[in-house]
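Hi there,

Here is the structure I promised to pass on. Have a look at it first, and then read on for my notes.

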Amino acid sequence: MEKRHRKLFVKVTLLGGIAVAIAVLGTRYRMHTFLPTSIGSEMDNEATEVCIISDAKIPEASGLAISRNHENSVWIHNDSGDGPRLFLVGLDGHVRAFVAIQGLTRPTDWEDMCSFELDGENWLLVGDIGDNGHVRGKDDSPCLLLLLKEPNLDASQLDARELTPIKDTVEASIEFTYPDGAINCESLAVDTVRREILLVSKTDPLTCRVFRLPLSLKPGKHTEKAESVANIGVPYATGMDVSPDGRRMAIINMFSGALINRAESESWSDACRKPVTVLTLPARAQGETVCFEADGQSILLNSEGVNQPLWRVSLENTAE
């Protein structure tokens with residue numbers, strides 16, 4: 001597909017979904033608590049291929065998070081079907097180490113992860129949150145968030161010729177439900193400024209919503225109920241992240257993305273009522289992953305499938 005035609009296609013995909021949601025909800029559901037975000041602008045974001053991730057142990061990259069302990073590296077996990085393990089991958093595309101998380105059964109459906117720094121410690125949060133059949137908590141295990149300290153690996157554990165699994169344990173787990181029953185979700189992020197865990201449902205634009213949970217570092221097992229805070233109108237979201245300063249939220253689907261800016265005094269509920277910036281993203285086989293880089297000025301993207309590129313997309317011209 002020619003570049004100009006592809007740009008038109010991804011623009012129509014996201015903007016059309018948002019526009020339909022606004023039109024339908026605006027006319028049929030005027031008493032609804034939240035209205036979806038409107039369209040603000042579109043940016044022709046510069047994308048650079050960073051590397052190719054070719055390791056056969058990562059055939060279905062579904063979660064991506066920047067490493068805060070290891071420079072020029074990211075954490076990746078596979079979609080459902082793999083065991084409870086994380087891969088540390090350098091920006092040269094090579095797997096530097098992999099971590100086997102102890103005490104867990106095989107994941108139901110790991111769909112996203114994020115990294116964050118809080119209270120002087122670097123953390124990873126993994127979301128076992130996929131629910132294509134809308135059966136979590138009924139015919140299948142409840143949705144589950146896994147909190148662990150980011151492994152700080154020494155030289156002997158990195159870049160070895162024969163990678164030996166590094167064992168790690170979960171600090172805390174959160175079982176949670178949604179207010180209106182089971183929902184499919186593939187998008188997870190943490191806002192450390194507001195101490196919130198955020199999720200976006202993978203649904204049509206008429207029903208796509210942002211949910212929040214309180215963020216706690218308290219060890220042990222916890223149970224929570226997610227709170228619906230906004231309609232967002234992004235069709236079939238497959239990944240999200242929040243910038244380190246808590247002021248930007250990036251949500252992607254397989255074709256394009258949306259960037260929401262939050263003022264210092266705003267909640268995400270208020271921010272999601274403002275116009276979004278539509279992101280032009282590179283073509284990916286099945287784009288399900290996104291994370292902010294440490295400076296918050298760019299995002300990284302990867303895709304399910306073998307031999308997939310890791311992309312860097314600049315956000316320098318998308319400030320509020």
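Please keep in mind that this is a predicted model. I'll start with one pair of strands: E7 and E8 (residues 121-128) are antiparallel partners, joined over eight bridges. Within that pairing, methionine 113 has valine 126 of E8 as its bridge partner.

These two strands belong to an open sheet of five strands, ordered E7-E8-E9-E11-E15, with mixed pairing. At its edges are strand E7 (110-118) and strand E15 (220-225), each of which pairs on one side only. From one strand to the next, the twist averages 20°.

There is also an open sheet of four strands. Its order is E2-E23-E22-E21, and its pairing is antiparallel. Strand E2 (47-53) and strand E21 (289-292) are the edge strands here; each has a single partner strand, so one side of each lacks a neighbour in the sheet. Direction ignored, neighbouring strands of this sheet are turned by 20° against each other on average. If you want a spot to zoom in on, E2 pairs with strand E23 (residues 308-314) over six bridges in the antiparallel sense, and isoleucine 53 stands opposite glutamine 308 in E23.

Now for the interior. The largest nonpolar core has 24 residues, and Phe116, Leu125, Leu145, Phe176, Tyr178, Ile197 and Leu199 are those with the most contacts inside it. Among the elements that give two or more residues to this core are E7, E8, strand E9 (143-149) and strand E11 (172-177), as well as strand E13 (196-201).

What does phenylalanine 176 contact, leaving aside its neighbours within four places in sequence? Its contacts are Ile129, Cys143, Leu144, Leu145, Leu199, Leu213, Glu224 and Ala226.

A second, separate core has 21 residues, including Val234, Ala237, Val276 and Val278. Two of those names come up again in strand E20, where Val276, Val278 and Thr280 point one way, Thr277 and Leu279 point the other way, and all are buried. In a regular strand, side chains alternate between the two faces of the sheet. Because five of the five residues of strand E20 (residues 276-280) are buried, the strand is largely enclosed by the rest of the structure. E20 runs antiparallel to strand E19 (residues 256-261), and four bridges join the two. One residue to look up there is alanine 258, whose bridge partner in E20 is valine 278.

Happy browsing, and write back with any questions.

Best wishes

Definitions and conventions. Residues are numbered from 1 along each chain as its sequence is written. This is a predicted model: local features need pLDDT of at least 70, side-chain atom pairs count only at pLDDT 80 or more; totals for chains, interfaces and linings use all residues. Side-chain values use heavy atoms; hydrogens and water are left out. Two strands pair if DSSP finds at least two bridges between them. Axes are lines fitted to C-alpha atoms, for helices over the stretch in contact, and angles run from 0 to 180 degrees between N-to-C directions. Buried means under 20% relative accessible area, exposed over 50%, partly exposed in between (1.4 Å probe, protein chains only). A nonpolar core is a set of buried Ala, Val, Leu, Ile, Met, Phe, Trp, Tyr and Cys residues joined through side-chain atoms within 4.5 Å. Contact means heavy atoms within 4.5 Å.
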